[in-house]
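Here are a few exercises to work through with the model open in your viewer. Try each task before reading its solution.

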Amino acid sequence: MTRLDFVAMARGSVTLAFIDAVRARLPAVRLLTDAADRETYRRDETAYIPAGLPGAVALPTRTEEVAELVRICAEHDVPIVPRGAGSGLSGGANGLDGALTIAFTAMDKILEIDTANLCVVTQPGVINATLKAAVAEHGLFYPPDPASFEMCSIGGNLGTNAGGLCCVKYGQTRDSVLSLEVVMADGTIVRTGGRNIKDVAGYSLTHLIVGSQGTLAIITEATLRLRPTPPPRSTLLAFFPTLESAGDAVAGMAVAGIAPVTCELMDKFTIAAVDDMHGLGLDREAAAMLMVESDLPGDASADELARAEVACTAAGATTTVRSRDVAEADLLRQARRAAHWALERLGEVKMEDVGVPRSKVPEMLRAVERIAAKHGVDIGTFGHAGDGNLHPDLVLPRGHPDAQAITEAVQADLYQAALDLGGTITGEHGVGSARQAWMATQRGADAVRIMWAIKHALDPQGLLNPGRVLPPE
Ligand SMILES: Cc1cc2nc3c(=O)[nH]c(=O)nc-3n(C[C@H](O)[C@H](O)[C@H](O)COP(=O)(O)OP(=O)(O)OC[C@H]3O[C@@H](n4cnc5c(N)ncnc54)[C@H](O)[C@@H]3O)c2cc1C
């Protein structure tokens, strides 16, 4: 039995009395109790991580309903798993046996677009792409853009502190949050901020809760910072003879003070998979490709890409190509976003999410090559090289008998390599239920003890997404 099973079974489970209480006190809330319905909430996008069957799934539409659900859970000692769109890659929204999953799909209203204060107030179930499109109608821009932006929710983005393709310039989700409305583990509703750009009154609960994967509080509303829409992007593709030279170009751009909106990398294996899927005519002989985008206005854009091109050529790029127009730039970005699906056509994919300081990208890429050779496996690497966040994807033949053991061995080597370079075991996907074993190694026992103290203070009953993020005490 795993620790996760133990946590779930040690707690109360959904019972008939619990279901009766929810139906009596919240008659308008949709509650799924049928086994087939609950089964669809068992997993997020990590098919390979053990997951439990929720005892029930609730789909509230209002904050007060969430608060009342949490109170009923506290009374019946039923653990809660908050869930957005289920596109997560760390098992954070995976079901727990017998627990209540609160799915935010029906809390999908954009409540206000405040053009004077450049912010948007939204419920958590809104899909990232929908929010982007809504604010764009007002000439505004919501930067966070995970590659999954057309399927993931704002609540999930806040839960994981999602990153994406333009973090290198605009930061992660956390950098675009002004305020949250949250339901605490006792059902109290708390607002953590307002619409102020500057606000340092007390501890920043907003920053504590963003990225906590539903273990400290449940997010029911968010006030997100917007910017004026930047000009359409133009794109530079640069192809390199070695992975290391591509890494050198990333480091070279940082040294030269170039801060493009996007600096994405694909290795040879991924280039071929993406090219097979999209027929783009990419240079399949190259060991690596960088996609660099500029969203500066007018001539500044061409100037930024020209400087990036110089850095790429100096690092050894064999070919550089510019997008001809906005449509071509959009197509190239979409192709990069689909890299994970392109690799999935080749086998069963386990996506990793290591991060290293930007100057260490070449060394991390070398380490990935070494690890693939050591285990005799295919690893396709792509990712947000501009901020040092790489996704080495282990691709195994479907149904491989030793998949679990190989995955664990490869993961351990990747995590250790990242940590040896001063990096992290996860840049944006979160610890969830996938990486707890490495928390103390990365953060140290004292830091983990402090995290547990915060968890106990905010969630003394241990109701909120138990068994996730923190390793066993
Ligand atoms: C093809 C593909 C590409 C991806 N690319 C990226 C990428 O570029 N960058 C990136 O960061 N991620 C990426 N992801 C991972 C994933 O899309 C993100 O982690 C995303 O933020 C998850 O959102 P979701 O709505 O699906 O959340 P879920 O998977 O449902 O939940 C994620 C976590 O947030 C918690 N949570 C959800 N809602 C709430 C809430 N209301 N209150 C509190 N906690 C909550 C859950 O408990 C869980 O721990 C990718 C995934 C795929 C499949």
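**Exercise 1. Find how strand β8 and strand β10 pair, then build out the sheet around them.**

Start with the pair itself: β8 (residues 177–183) and β10 (residues 218–225) run antiparallel, joined over six bridges. For the register, look at Val183, which stands opposite Ile218 in β10. A word on terms: strands (E, at least two residues) and helices (H or I, at least four) are DSSP runs numbered from the N terminus, and two strands pair if DSSP finds at least two bridges between them.

Before going on, note that this is a predicted model, where local features need pLDDT of at least 70 and side-chain atom pairs count only at pLDDT 80 or more, while totals for chains, interfaces and linings use all residues. Residues are numbered from 1 along each chain as its sequence is written, and side-chain values use heavy atoms, with hydrogens and water left out.

Now widen the view: five strands make an open antiparallel sheet, ordered β5-β6-β10-β8-β9. Its edges are β5 (110–114) and β9 (189–191), each pairing on one side only. From one strand to the next, the twist averages 15°.

Last, add the helices. Helix α4 (residues 63–76) lies across β8, β9 and β10, at about 45° to β8. (Angles run from 0 to 180 degrees between N-to-C directions, with axes fitted to C-alpha atoms, for helices over the stretch in contact; contact means heavy atoms within 4.5 Å.) Helix α5 (residues 128–136) packs on the sheet too, touching β5, β6 (119–122) and β10, with its direction at about 40° to that of β5.

**Exercise 2. Describe the shell around the ligand by class and by element.**

First, the class tally: 14 nonpolar, 20 polar and three charged residues. Here Ala, Val, Leu, Ile, Met, Phe, Trp, Tyr, Cys and Pro are nonpolar, Asp, Glu, Lys and Arg are charged, and the others, Gly among them, are polar.

Next, pick out polar contacts (N or O atoms within 3.5 Å). Gly86 uses a backbone N or O atom, 2.8 Å from a ligand oxygen. The side chain of Asn157 has an N or O atom 2.9 Å from a ligand oxygen, and for the side chain of Asn465 the distance is 3.3 Å.

How much of the ligand does the protein bury? The ligand alone exposes 980 Å², and 98% of that is buried by the protein (Shrake-Rupley areas, 1.4 Å probe).

Finally, the elements: β3 (80–83), α6 (154–160), β10 and α13 (339–344) each give two or more residues to the shell. The largest share, five residues, comes from α6.

**Exercise 3. Why do β15 and β16 each have a side without a neighbour in the sheet?**

Lay out the strands: seven form an open antiparallel sheet, in the order β15-β12-β14-β13-β17-β18-β16. β15 (319–322) and β16 (348–351) stand at the edges with a single partner strand each, so one side of each has no neighbour in the sheet.

Then check one pair inside: β17 (residues 378–384) and β18 (residues 389–396) are antiparallel over seven bridges, with His384 opposite Asn389 in β18. Helix α15 (residues 403–420) packs on this sheet, touching β16, β17 and β18, and its direction makes about 160° with that of β18.

Methods:
A polar contact is a pair of N or O atoms within 3.5 Å; within protein, one must be able to donate a hydrogen and the other to accept it, and residues adjacent in sequence count only if both atoms are side-chain atoms.
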